[in-house]
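Subject: Structure for you to look at

Hello,

Here is the structure I said I would pass on. Please open it next to this email, and my notes follow below it.

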Amino acid sequence: MTLDAMDWVWTRAKSRGNARLVLLAVADATTGPEATARMGTAEFMRRLAASRSTTRAAVDTALASGELIEDEPAQGSRATKYRIPGAVGYVRTARTNGPESGPKAQPTPGPESGPLPSTGPNLGPSTGPESGPPVDASDSPYRAESRPLWGPESGPHHPPIEGLSEGGSERARDAVAVIPEFARPLVDQITAAGVLVAWNLAPAEWFLTDALAKRSGLDMLAAAAVQAAARNRRGVSHARYFLRAWQSLPPAPAPGTVPAAAPASNVIPLDRATPRGRVAQSADHLAAALAAMEAQQ
């Protein structure tokens, strides 16, 4: 499973730099199809050959991308358990490259191997005027074979569109955000709140978003995303920024749950009122004494 997980990181992961090294370190430590491994900061520092601050920043970047998640937090002497969700159950495909993987080429006939097989009328060499008179292509049924195998007419059947190669076109199609149907309400709520971010997430990130939406609900995810964007003074440019905040949300409350009561007002009960001062108490005593003297008279 280690080789399968590392193959997924090399061929499928979108993370770059130190975050990619973090994924490779976890993939190298996995032992089963769950693509999980326990690893602490010291182990990450050793594998990345980096300082503690650089290592922690790389781990945070990998977690924010959604290509690495925390299954279990660190507890006591046990390190944090990480998972690579995209590599769960992934099996690498066998690669066959090089001439040894295809059919063997037939030996080219030459002077020592006998005469060439006859495949049609001998039209002579077609390398230039010095080799003889040109063949009249209109009179020959083999005019297609008499054409040189180079030049504009020998190009691909599907020429590039507007100067873009086929590889460039595929990359351009991958850059277009394809939003799954389940996520459209979530994207619409965040966009309507004025938070404009890129949504070209990787398949593993959409898988994680779907799981979080089923756990916490689309409304809670949308509210958390708007709050996270408001707290970030530098601005948020990609929806991948919200993944870590969504992972920390609680599950949605069960239907019919009664909200907690609001805190009471700041009214001080009478039995807790501040005692009267000495001046007021003296005045009360004096009034009582005068009333007693008048009663005696």
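What follows covers the overall make-up, then one helix and its two neighbours, then three alanines in loops.

Please keep in mind that this is a predicted model.

Overall make-up

The protein has 11 helices and three strands. Read from the N terminus, the order of the elements is α-α-β-α-α-β-β-α-α-α-α-α-α-α. The protein has 297 residues, and 25% of them count as buried. If you take the contacts between residues at least 6 apart in sequence, 62% of these join residues at least 24 apart.

Helix α2

Most of my notes concern α2, which covers residues 17-29. This helix is 13 residues long, and the distance from its first C-alpha to its last is 19 Å, close to the 18 Å expected at 1.5 Å a residue. Which residues of α2 are buried? They are A19, R20, V22, L23, L24, A25, V26 and A27. Note that an arginine, R20, is on that list. The cover over these buried residues includes four helices or strands besides α3, namely α1 (2-12), β1 (36-38), α4 (52-65) and β3 (81-83), and α3 itself also takes part.

α2 against α1

The axes of α1 and α2 are 8 Å apart, and the two helices pack at an angle of about 165°. The pair therefore counts as roughly antiparallel, and the crossing is right-handed. On the α1 side the contact is made by T2, A5, M6, V9, W10 and T11, and on the α2 side by R20, L23, L24, A27 and D28. Sorted by class, this contact has seven nonpolar, two polar and two charged residues. R20, L23, L24 and A27 thus appear both in this contact and among the buried residues of α2.

The spacing of such residues has a general background: an α-helix has 3.6 residues a turn, so residues three or four places apart point the same way.

α2 against α3

Helix α3 covers residues 41-48, and α2 packs on it at an angle of about 110°, with the axes 10 Å apart. These two helices are therefore roughly perpendicular to each other. Here too α2 makes a right-handed crossing. From α2, the residues N18, L21, V22, A25, V26, D28 and A29 take part, and they meet F44, R47 and L48 of α3. By class, the contact has seven nonpolar, one polar and two charged residues. D28 is listed in the contact with α3 and also in the one with α1.

Three alanines in loops

A35 sits in the loop between α2 and β1. Its phi is near 55°, a positive value in a residue other than glycine. Is A35 buried or exposed? A35 is buried, with a relative accessible area of 0%.

A49 is in the loop between α3 and α4. A49 also has a positive phi, about 55°, although it is not a glycine. With a relative accessibility of 71%, A49 counts as exposed.

A239 belongs to the loop between α9 (218-231) and α10 (243-247). Its relative accessibility is 1%, so A239 counts as buried. Leaving aside residues up to four places away in sequence, A239 touches V197, A198, W199 and L201. A229 is 10 residues from A239 along the chain, and their C-alpha atoms are separated by 9.9 Å.

Regards

Conventions. Residues are numbered from 1 along each chain as its sequence is written. This is a predicted model: local features need pLDDT of at least 70, side-chain atom pairs count only at pLDDT 80 or more; totals for chains, interfaces and linings use all residues. Side-chain values use heavy atoms; hydrogens and water are left out. Axes are lines fitted to C-alpha atoms, for helices over the stretch in contact, and angles run from 0 to 180 degrees between N-to-C directions. Angles under 35 degrees count as roughly parallel, over 145 as roughly antiparallel, 65 to 115 as roughly perpendicular and the rest as oblique. A crossing is left-handed if the near helix is turned anticlockwise from the far one by less than a right angle, and right-handed if clockwise. Contact means heavy atoms within 4.5 Å. Ala, Val, Leu, Ile, Met, Phe, Trp, Tyr, Cys and Pro count as nonpolar, Asp, Glu, Lys and Arg as charged, and the others, Gly among them, as polar. The expected span of a helix is 1.5 Å times one less than its number of residues. Buried means under 20% relative accessible area, exposed over 50%, partly exposed in between (1.4 Å probe, protein chains only).
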